Amino acid sequence: MQPAWSGSTTRLRLRHEPGLGVGLRGGASGGGASGVKGVVIPVTPFQQNCSLIWCERSMKGAVVDPGGDLELIEQAVAEHKIELERILVTHGHLDHASGVVDLAERRSLPVEGPHEADRFWIDQIPDSARRYGFPPARAFTPGSASTPGRWLGDGDEVTVGEERMSVLHCPGHTPGHIVFFHAGMRLAFVGDVLFRGSIGRTDFPRGNHADLIQSIRGKLWPLGSDVTFVPGHGPLSTFGAERESNPFVGDAVLGAGSG
Ligand SMILES: [Zn+2]
Ligand SMILES: [Zn+2]
């Protein structure tokens, strides 16, 4: 939750499509006939980057981190004529997950993610919603009778239409945080693990700074410097750009190649 970046450099203007937030395209592909497309829709008072993504062949899609403002998400779904298939959740914080139950019920969608270690965060969503002045929100358990779906972990795959994304467990900001990676599009949805110019907060209960650094260096960097990522807040960037200049996890800060 929270605007999690600590620097002042990440609040750049996103390139907005009419009413919809920023357009999304994979780093390497561009205009191919297949792949995923998407739009980023900042939602909630925390301007969390909810993403609507879809398979270009089937026009079936998924919502990543519906933290709230469901009318904005529904507007994008209608505008792009997407057949929603599922909800994907990076972690259990309020601004990423407080709209999950409402959207899942309204559209009869399964919920996939986060890792089960974030269950304690999800259980706090109703209280957190009151505390932060969000609309009433409910907790959920992926894979339960009331919420079809599943918890996710390292090595799992999720599908979006005919497209596949792999799941990486990236603890640190929260213990059950996961990242979705589309290898062909060189595109990752990293939630609050990494931002342009910053990293996720680790001062929450069960946050862990060393784990976060290890998640970024040990799991994200090996995916490739050409990978574009959608962070939970603020503008998009690439892993390569962050390795060059991120003041928390850049190679110059941590020493390239060292443990
Ligand atoms: Zn957040
Ligand atoms: Zn968070």
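Helices here are DSSP runs of H or I with at least four residues, strands are DSSP runs of E with at least two, and both are numbered from the N terminus. What you're looking at is a predicted model.

**Figure 1. The whole chain, with 8 helices and 16 strands.** Of the 259 residues in this protein chain, 50% are buried. Among contacts with a separation of 6 or more, 59% link residues 24 or more positions apart. The mean pLDDT is 89, and 85% of the residues reach 70 or more. Two stretches call for some caution. Over residues 1–21 the pLDDT stays under 50, although the model has 50 contacts beyond four places in sequence for them. The pLDDT also stays under 50 over residues 26–33, for which there are 20 such contacts.

**Figure 2. Helix H1 (residues 70–79) and what it packs against.** Which residues of H1 are buried? They are Leu70, Ile73, Ala76 and Val77. Looking down the axis of H1, you find these buried residues within an arc of 125°, so they line one face of the helix. Glu71 and Ala78, on the other side of H1, are exposed. The buried residues of H1 pack against four strands and a helix: E3 (36–43), E4 (48–55), E5 (60–64), E6 (83–88) and helix H3 (100–107). After H1 comes Lys81, which has a positive phi near 55°.

**Figure 3. Zooming in on Val77, a residue of H1.** Why does Val77 count as buried? The cut-off is 20 or more other C-beta atoms within 10 Å, and Val77 is buried because it has 21 C-beta neighbours inside that distance. Setting aside residues up to four places away in sequence, Val77 touches Leu52, Ile82 and Leu84. Ala62 sits 15 residues from Val77 in sequence, with 9.6 Å between their C-alpha atoms.

**Figure 4. Helix H3 (100–107), with its own buried face.** Val100, Val101 and Ala104 are the buried residues to look for in H3. Seen down the axis of H3, they fall within an arc of 90°, so they line one face of the helix. Their cover includes E6, helix H2 (94–97) and strand E7 (111–112). Ser108, just after H3, takes a positive phi of about 50°.

**Figure 5. An open sheet of 6 strands with mixed pairing.** To trace the sheet, follow the order E9-E10-E11-E12-E15-E16. Its edges are E9 (157–160) and E16 (237–238), each of which pairs on one side only. Strand E11 (residues 178–182) pairs with E12 in the antiparallel sense over 3 bridges. E12 pairs with E15 (residues 228–231) in the parallel sense over 4 bridges. E15 and E16 run antiparallel, joined by 2 bridges.

**Figure 6. Across the sheet, from His182 to Thr238.** Start at His182, which stands opposite Leu187 in E12. In E15, Leu187 has Thr228 as its bridge partner. Thr228 in turn is bridged to Thr238 in E16. While you're here, check the hairpin of E11 and E12: it has 4 residues between the strands, and Arg186 takes a positive phi near 55°.

**Figure 7. Strand E12 (residues 187–191), buried or exposed?** It is mostly covered, with 5 of its 5 residues buried. In a regular strand, side chains alternate between the two faces of the sheet. On one side of E12 you have Leu187, Phe189 and Gly191, on the other Ala188 and Val190, and all are buried. Two of these residues, Ala188 and Val190, turn up again in the next view.

**Figure 8. The largest nonpolar core, a set of 65 residues.** Nonpolar side chains tend to be buried together in soluble globular proteins. Which members of this core touch the most other members? They are Leu52, Ile87, Val179, Phe180, Ala188 and Val190. Take Val190 as a way in: beyond its neighbours within four places in sequence, it is in contact with Val179, Leu220, Phe229, Val230 and Pro231.

**Figure 9. Ile213 in helix H6 (residues 209–220).** Ile213 is partly exposed, because it has 16 other C-beta atoms within 10 Å. Find Phe248 too: it lies 35 residues from Ile213 along the chain, and their C-alpha atoms are separated by 8.6 Å.

Notes. Residues numbered from 1 in each chain as written. Chains lettered and ligands numbered in written order. Predicted model: local features only at pLDDT ≥ 70, side-chain atom pairs only at ≥ 80, totals over all residues. Buried ≥ 20, exposed ≤ 12 C-beta atoms within 10 Å, placed from the backbone. Contact = placed C-beta atoms within 7 Å. Pairing = 2+ DSSP bridges. pLDDT = per-residue confidence, 0-100. Arc of directions from axis to C-beta. Core = buried A, V, L, I, M, F, W, Y, C linked by C-beta atoms within 7 Å.
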